[in-house]
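Biologist: Before I plan anything around this protein, could you walk me through the labels on it? I'd like to hear the reasoning behind each one.

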Amino acid sequence: MSGFDWLILTLTLVTIILYGVYKSKSTRDLDGYFRGNREMPWYMVLISIVGTQASAVTFLSAPGQAYTDGMRFVQYYFGLPLAMVVLCITFVPIFRKLNLYTAYEFLEKRFDVKTRTLTSTLFLISRGLSTGISVYAPSIILSSLLGWNIYWTNLFMGGLLIIYTVAGGAKAVAHTQKLQLAIIFIGLFVAAYLCVQMLPEGIGFVDALQIGGKLDKMNVITTGVKDGRFDWSDKFNIFSGVIGGFFLALSYFGTDQSQVGRFLTAKSDKESKLGLLLNGVVKVPMQFLILLIGILVFAYYQFNPAPLLFNDAPLQKALKTEYRDTLIRLESRHSLVATQKNEVAHALGNSLENDSLIQQLGALNHQQEAIRKDARAVVLKATNDGETNDTNYIFLRF
């Protein structure tokens, strides 16, 4: 990284922390820490809810998910709007009427302190594991950029989070997420713009989506039916999305303190409900657009050589072992297929309706993926590194 890169990174992190602490300087009691003195307008509730869900995991893994599996992951969110309506009718009025600080306080009032202790303990364990993943995602970025050990970057990112969350509570979280979301979305739009700009001359945004669609990446709605029978192993389809997404959202936003704590900070019932309902409206198109960036990246790599592995660090480590020759042979095969794929893609760019070229391009993509699968297996043997799925690194590498 250049000195200017370091300056931007440092200023961004320092500004976010200081801004969060400043905006929460009045937080000095239990009500201020947990509920922000119930002063948050609906739009801050919305930003806080979206920001809590949309960690760096979303922005790193979702484009990679679309690159490898297409758009169908968006169906996972189809049950969300319905769940928000149910929560606004049931949970929100109860929680606010009882003047609660946490979702688990309700269980103590309804049952006893043992029930509250059990559920809050389960929450802390599950949220601790989940937050570990959320911290790991930005750590991947810093580790890749700076060449640091992932353990040190985890400690660094986790330490920054602890500073402003402990110092400022709910207000600090809400206001820092406002800045973080702005930075992330600007970055995503810039990346999408650059991706389209770097496509060959004559290939634009619509053409890139057409290529993705012809190679089965624009599969927004899928039924899960295969060869006349329902495929129960299919993770993402309209039924799992609406039914599973509904109950998952109902439990997450209704019983998980990381989300309940967000709408408890609102000024009134109306503000809480508005923030939740708009979350249901905003989240689906937001996720759609993030996945769409993955389709653009996929189109870009049809015309440009993709790496053997998007996660380069374990590959470089494996090249220093006795498996070096095997990996070099795989790299050679991969490069050959990539060259053929790029040639077919350029030919297709002049005739997007050519079914023969579409079939050739699809076959070459499958060949390339098979080679990459073999390479991941070799790297796993060589390094004993459990990170063999490099989906999370696709957008980052781009």
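**Buried and exposed spots**

Modeller: Sure, and keep in mind that this is a predicted model. Let's begin with helix H7: the cover over its buried residues includes helix H6 (91-97), helix H8 (113-146), helix H11 (238-255) and helix H12 (257-263).

Biologist: Which residues of H7 are the buried ones?

Modeller: H7 spans residues 103-110, and its buried residues are Ala103, Tyr104, Glu105 and Leu107.

Biologist: Why is Gln257 called buried?

Modeller: Gln257 has a relative accessible area of 12%. Buried means under 20%, so with 12% Gln257 gets that label.

Biologist: Where does Gln257 lie, and what is Gln257 in contact with beyond its neighbours within four places in sequence?

Modeller: Gln257 lies in helix H12. Those neighbours aside, Gln257 is in contact with Tyr101, Thr102, Ala103, Tyr104 and Phe123. Two names there, Ala103 and Tyr104, are also buried residues of H7.

Biologist: Okay, now the surface. Why does Ile162 count as exposed?

Modeller: Exposed takes over 50% relative accessible area. Ile162 comes in at 53%, so Ile162 counts as exposed. Ile162 lies in helix H9.

Biologist: What makes up the nonpolar patch on the surface?

Modeller: Leu30, Tyr33, Phe34, Ile162 and Val166 form it, with about 450 Å² of accessible area together. Residues in a patch need over 30% relative accessible area, and Ile162, at 53%, therefore clears that bar.

Biologist: Which helix gives the most to the nonpolar patch?

Modeller: That's H2, with three residues. Helix H2 (30-35) and helix H9 (150-197) each supply at least two.

Definitions and conventions
Residues numbered from 1 in each chain as written. Predicted model: local features only at pLDDT ≥ 70, side-chain atom pairs only at ≥ 80, totals over all residues. Heavy atoms only, no water. Buried < 20%, exposed > 50% of the residue type's maximum accessible area, 1.4 Å probe, protein only. Helix = DSSP H or I, 4+ residues; strand = E, 2+ residues; numbered from the N terminus. Contact = heavy atoms within 4.5 Å. Patch = residues over 30% accessible without salt bridge, like charges linked within 9 Å, V, L, I, M, F, W, Y side chains within 5 Å. Areas by Shrake-Rupley, 256 points an atom, 1.4 Å probe, with all protein chains shown as cover. Salt bridge = Lys/Arg side-chain N within 4 Å of Asp/Glu carboxyl O.
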